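Visitor: I've got the two chains loaded and I'd like to talk through how they sit together. Can you show me what we're looking at?

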There are 2 protein chains.
Amino acid sequence: MNSDTENHGFGAVLKELGLKETPKRRVMLEILAEEQRFLSPEELWLALKGRFKTIGLPTVYRNLEELANGGVISTVIHPNRQLYYYFCTAESGHHHHFICTSCRRVEDIPECTVAAMEGEIVTRTGGKITSHIVQFNGFCRHCLADPNERTAI
Amino acid sequence: MNSDTENHGFGAVLKELGLKETPKRRVMLEILAEEQRFLSPEELWLALKGRFKTIGLPTVYRNLEELANGGVISTVIHPNRQLYYYFCTAESGHHHHFICTSCRRVEDIPECTVAAMEGEIVTRTGGKITSHIVQFNGFCRHCLADPNERTAI
DNA sequence: CGCTAAAAAGAAATCGTTTCCCTTTGGCAC
DNA sequence: GTGCCAAAGGGAAACGATTTCTTTTTAGCG
């Protein structure tokens, strides 16, 4: 399995978003897809530096934003207010996350209950909801059981 | 109703948090309490400048954080990732917000459904939730009805 | 009234993020 | 295959919200 020949179908994903399929975008998606935890732009940049002689941090920011806007990856808002990114394997459309602020694992939460909340809010306020931020932070069962596994962001 | 003599009971609130009752803290709370919308630290600072000859922006940040940690005011995370603050009149303990990204009005949302979600998440993941971010963004009924009322943040 | 720790001022630093401008490249046309 | 052009990327620099630092002031207690 060579990343130069096996592109995990990311090329098609990029094309759908109207984005050119560049090596950097492909590798960004590869790294995010292989990583089980959410990453900061700078961390992703450091990983990319190992595979490209030249790679700028602005490029990483730009692509992360485009990919997130396209729904290919999702954002994680850490309580420290920094932005992290996560490749969502769940193909199940819109949903939310329970993130471990220790080891950075992410678990998917189905969207259902939030949709119910939205309906109630719209009914009661007469407003219109354009977006929402729903995220649960805590310790996953691994970090809960074994404090030694805990890491700091 | 003079703010020098009528302190809305904010002194007691500050004392409960172990904070000294300073004129600046009192006026910060006054301004936030009178304001129906969420404010940025800088906006609050500008308002304070009208009432104090010297008032530093770091002071505003420091106090906002202390008050938010104490639960006296609550934070609003705007999609633009800036932090805003809002004085919650609802005494009903923990709850969430529907914010209008146009006029900045805030409506309270009871906590109930989120608590149910949390229970389900804990059961399913075996983790422990330490905090959550739940916020709905959109247009309130006023801005929905009258686009002229809309303002940009 | 004096003391002491907390609070505040003001300037400067920090740092995540974005902008600018120039160079390179993907992808379609011929 | 070659050329073209808009999109993508590099690198430096700007930006701007937030924080840190050091000194001065003040609240609140004895």
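Visitor: How many residues of chain A are in contact with chain B?

Guide: Keep in mind that this is a predicted model. Here 33 residues of chain A are in contact with 33 residues of chain B, where contact takes heavy atoms within 4.5 Å.

Visitor: What makes the two copies related as by a two-fold rotation axis?

Guide: Chain A lands on chain B after a rotation of 180 degrees, with 0.0 Å of shift along the axis and an RMSD of 0.1 Å. The pair is thus related as by a two-fold axis. The same surface is used on both sides, too: 100% of the contact residues of chain A recur in chain B.

Visitor: Which residue of chain A comes closest to that rotation axis?

Guide: That's V134(A), with its C-alpha at 2.2 Å. In the strand pairing, V134(A) stands opposite V134(B) in β5(B).

Visitor: How do you know that β5(A) pairs with β5 of chain B?

Guide: Count the bridges. Pairing takes at least two bridges, and eleven join β5(A) to residues 128-139 of chain B, with the strands running antiparallel. Another opposite pair there is I129(A) with G138(B).

Visitor: What else does β5(B) pair with inside its own chain?

Guide: Strand β3 of chain B, residues 95-100, is joined to β5(B) by four bridges, and these two run parallel. In that pairing I99(B) stands opposite N137(B).

Visitor: How much area is buried between the chains, and what share comes from carbon and sulfur?

Guide: About 3,100 Å², with carbon and sulfur atoms giving 67%. On the chain A side, M117(A), I133(A) and F136(A) lose the most area to chain B, together 22% of what that side buries.

Visitor: How many salt bridges does the rule find across the interface?

Guide: Zero between chain A and chain B. To count, a side-chain nitrogen of Lys or Arg has to be within 4 Å of a carboxyl oxygen of Asp or Glu. Polar contacts are another story: twelve residue pairs between the chains make them, both partners at pLDDT 80 or more.

Visitor: Which elements of chain A supply at least two residues of the side that touches chain B?

Guide: β4 (106-110), α5 (112-125), β5 (128-139) and α6 (141-145). β5(A) gives the most, with twelve residues. By class, the touching side of chain A has 16 nonpolar, ten polar and seven charged residues.

Definitions and conventions. Residues numbered from 1 in each chain as written. Chains lettered and ligands numbered in written order. Predicted model: local features only at pLDDT ≥ 70, side-chain atom pairs only at ≥ 80, totals over all residues. Heavy atoms only, no water. Least-squares fit on C-alpha atoms with pLDDT ≥ 70 in both. Buried area = accessible area lost by both parts, 1.4 Å probe. Polar contact = N/O pair within 3.5 Å; in protein donor to acceptor, adjacent residues only side chain to side chain. Nonpolar A, V, L, I, M, F, W, Y, C, P; charged D, E, K, R; others polar.
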